[in-house]
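Let's take a walk through this model together, starting with a turn and then stepping back to the whole chain. Keep the viewer open as you read.

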Amino acid sequence: MALIKLCPNCTQRNGAEERECVKCGTSLAMTEPLDAPALSAPKLSLNHRALYVPLQTEIIIGRADRDTGWYPDIDLTQYGASSKNGVSRRHVRLIWNGEWQIEDLGSLNGTYLNQRRLKPSEPLPLLPGSVIQIGKLFLTYHG
Ligand SMILES: [Zn+2]
């Protein structure tokens, strides 16, 4: 467990020592710290192989664009992601708010969670066993 302060404005998870929200700047002076599960990287697999996932509170999944120097946190290029098979450069992101949530970033072909298309900018919680479809690639979330 870890002590955190949840921003009353944007729900960003801040360290208990923060005086204002690191994301939106709202004062946290009146916000009581609370005990929350410590951040751990989400476990994801693709084709039954574990994906490397960095330990951070926002993880962007997509495909690299060498021309502009864009590299998402999880680059699906090596798994065959391309514009042809429906993977956008900034396709979807995972957000930590004490639990992992998934949010489509307005991708061209959309993201499907358990075969349901996500509405852009409307995060949904991930549950162990959730299947995330990004273009023609299928990722499994293991918790
Ligand atoms: Zn905030």
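How many residues lie between S13 and S14 in their hairpin, and which residue in the turn has a positive phi? There are 2 residues between the strands, and Gly-135 is the one with the positive phi, at about 60 degrees. Please bear in mind that this is a predicted model.

Now follow the two arms of that hairpin. Strand S13 covers residues 131-134 and pairs with S14 in the antiparallel sense, over 4 bridges. Ile-134 has Leu-137 of S14 as its bridge partner. S14, residues 137-141, also runs antiparallel to strand S4, residues 44-46, and 3 bridges join these two. Here you can look for Leu-44, which stands opposite Tyr-141 in S14.

With that corner in mind, zoom out. The chain has 14 strands and 0 helices. The domain assignment splits the chain into domain 1, residues 1-38, and domain 2, residues 44-141. Their C-alpha centres lie 26 Å apart. Where the domains meet, 4 residues of domain 1 are in contact with 4 residues of domain 2. On the domain 1 side, the touching residues comprise 2 nonpolar, 1 polar and 1 charged.

Finally, consider the overall dimensions. Along the principal axes, the C-alpha atoms fill a box of roughly 50 × 35 × 25 Å. The radius of gyration is 16 Å, which agrees with the value near 15 Å for a compact globule of 143 residues. Of those 143 residues, 24% count as buried. Among contacts between residues at least 6 apart in sequence, 37% join residues at least 24 apart.

Notes. Residues are numbered from 1 along each chain as its sequence is written. This is a predicted model: local features need pLDDT of at least 70, side-chain atom pairs count only at pLDDT 80 or more; totals for chains, interfaces and linings use all residues. Two strands pair if DSSP finds at least two bridges between them. Domain bounds come from an automatic or database domain assignment. Two residues are in contact if their C-beta atoms, placed from the backbone, lie within 7 Å. Ala, Val, Leu, Ile, Met, Phe, Trp, Tyr, Cys and Pro count as nonpolar, Asp, Glu, Lys and Arg as charged, and the others, Gly among them, as polar. The radius of gyration is taken over C-alpha atoms; the globule rule is 2.2 Å times the number of residues to the power 0.38. A residue is buried if 20 or more other C-beta atoms lie within 10 Å of its own, exposed if 12 or fewer, and partly exposed in between; C-beta atoms are placed from the backbone.
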